[in-house]
Amino acid sequence: DAAENPFDPGEIVWSAPLFDGASGATPAYDGERVYVATAGDFNAIAGGQIIAFDASATTEVDAELWRTNTGGEDGFFGGISVADGHVYAATYNFFAGTASARLVKVNSANGSVVWQTPANRTSSIPIVLGDGRIVLSTGIPGFGSLPTLQVFEDLGVSASLVDDTATATWQDDGDGLIELGEFEIFGGWTHQPHIVFDHPLTGGPVAFVGSIDVPAGNQFFNGYSRLSMIDLSMPFGSQNSILSAYNGAGSSPSVSGASLYTTGANGVVAIGTYCPGDFDLSEQTDFFDIVRYLHNVSAGSLESDITLDGTVNPSDVIEAIQRVEEGCD
């Protein structure tokens, strides 16, 4: 519409300088504002910033709403989460141990820092669970750090670390140091877990988290080779907190419906709901699956011979209806 939208499809409406380095800076959008976190200037020992832009702006002059320097010398190398009027981001620090970086909460309306708390270094995006907890995949196997999945509790004006897979599964060899091989590895600085907030198995949040192998010689950047399904209603390391695991792949998963996709040494792996009655591939079973099956029968599809007796007959139709009634596993 020439009056309401004078821009052509694909035209750049505005662009704005960040004045900082940017790496892994996935923007976030809440319907009104666009947020991005910067890496800062490592050589100048200047930390990263969080910036908000007006998504409805039509000029660069009107675009930037606020810019917040969170006060540290470390930078943001990942994306931002938006929840309940706040933005959350985590930093990567090139030095020191597993509490040398920061998890930061900022007011999305004005950019004021609500709190910041020590965290393990990461370029992952914080995941806000909605029950007062925040999940963060962190760390690297070396340089003073360890790969670990951390959980923080948002206390309103402050926050604290309440669970950590490295410390929760640590079996000390007697020297008092948490070292590779003494704990179960979950997550890492380059890993983005996927969380199902109300999983049917638990009724609560479940995390799908990758793990890396760290062989002798500490080859730091091996790929993810396992994907675990973790019950977040239980403390890390507790019995039965690992609901299941897949060995062979475990990169940051992507999800479509009830199917999850991850990668490993042998390529892409699809992990999904087993649903023999899902004839219309909707990832659920209902009346439309029966309609689809009967359509396949009328079309002469060989797949309609469910009983594998060489013909499509009433026995196949009865079996199809039973599969639909049984639902998905």
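In which helix does asparagine 296 lie? Keep that question in mind while the whole chain is on screen, since the tour returns to it near the end.

**The whole protein**

Begin with everything selected, remembering that this is a predicted model. Shown as a cartoon, the protein has a secondary structure that comes to four helices and 20 strands, and along its principal axes the C-alpha trace spans about 75 × 75 × 35 Å. If you switch to a surface representation, the accessible surface comes to about 16700 Å², with 54% of that area belonging to carbon and sulfur atoms. Colouring by burial would mark 41% of the 329 residues as buried. A contact map adds another view: of the contacts between residues at least 6 apart in sequence, 46% join residues at least 24 apart.

**Alanine 83 in strand S6**

Select residues 81–83, which form strand S6, and centre on alanine 83 within that strand. Is alanine 83 buried or exposed? Its relative accessibility is 16%, and because the cut-off for burial is under 20%, alanine 83 counts as buried. Setting aside residues up to four places away in sequence, alanine 83 touches Tyr88 and Val128. Now add glycine 130 to the selection: the two residues are 47 apart in sequence, while their C-alpha atoms are 8.2 Å apart in space.

**Phenylalanine 143, in a loop**

Move next to the loop between strand S11 (133–138) and strand S12, where phenylalanine 143 has its place. A dihedral readout should give a phi near 55°, which is a positive value in a residue other than glycine. The relative accessible area of phenylalanine 143 is 54%, and this residue is exposed.

**Serine 158, after strand S12**

Follow strand S12 (148–154) into the loop that separates it from strand S13 (159–164), and select serine 158 there. With a relative accessible area of 30%, serine 158 is partly exposed. Leaving aside neighbours within four places in sequence, the residues in contact with serine 158 are Trp115 and Glu153. For a distance across the chain, pick valine 104 as well: it is 54 residues from serine 158 along the chain, and the two C-alpha atoms are separated by 9.9 Å.

**Asparagine 240, in another loop**

The next selection is asparagine 240, placed in the loop between strand S16 (224–231) and strand S17 (242–247). What is the sign of phi at asparagine 240? Phi is near 70°, a positive value, and the residue is not glycine. Asparagine 240 counts as exposed, at 58% relative accessibility.

**Helices H3 and H4**

Now display helix H3 (residues 287–298) together with helix H4 (residues 314–326), whose axes come within 10 Å of each other and cross at roughly 155°. The two helices are therefore roughly antiparallel to each other, and H3 passes H4 in a right-handed crossing. To see the contact itself, show side chains for Asp289, Ile290, Tyr293 and Leu294 on H3, and for Asp316, Val317, Ala320, Ile321 and Val324 on H4. Sorted by class, this contact has seven nonpolar residues, two charged residues and no polar ones.

**Back to asparagine 296**

The opening question can be settled without leaving this view, as asparagine 296 lies in helix H3. Asparagine 296 is buried, with a relative accessible area of 19%. To finish, select Ser301 and Ser304, which asparagine 296 touches when residues up to four places away in sequence are not counted.

How values were computed: Residues numbered from 1 in each chain as written. Predicted model: local features only at pLDDT ≥ 70, side-chain atom pairs only at ≥ 80, totals over all residues. Heavy atoms only, no water. Axes fitted to C-alpha atoms, helices over the stretch in contact; angles between N-to-C directions. Parallel < 35°, antiparallel > 145°, perpendicular 65-115°, else oblique. Left-handed = near helix turned anticlockwise from the far one by under 90°. Contact = heavy atoms within 4.5 Å. Nonpolar A, V, L, I, M, F, W, Y, C, P; charged D, E, K, R; others polar. Buried < 20%, exposed > 50% of the residue type's maximum accessible area, 1.4 Å probe, protein only. Areas by Shrake-Rupley, 256 points an atom, 1.4 Å probe, with all protein chains shown as cover.
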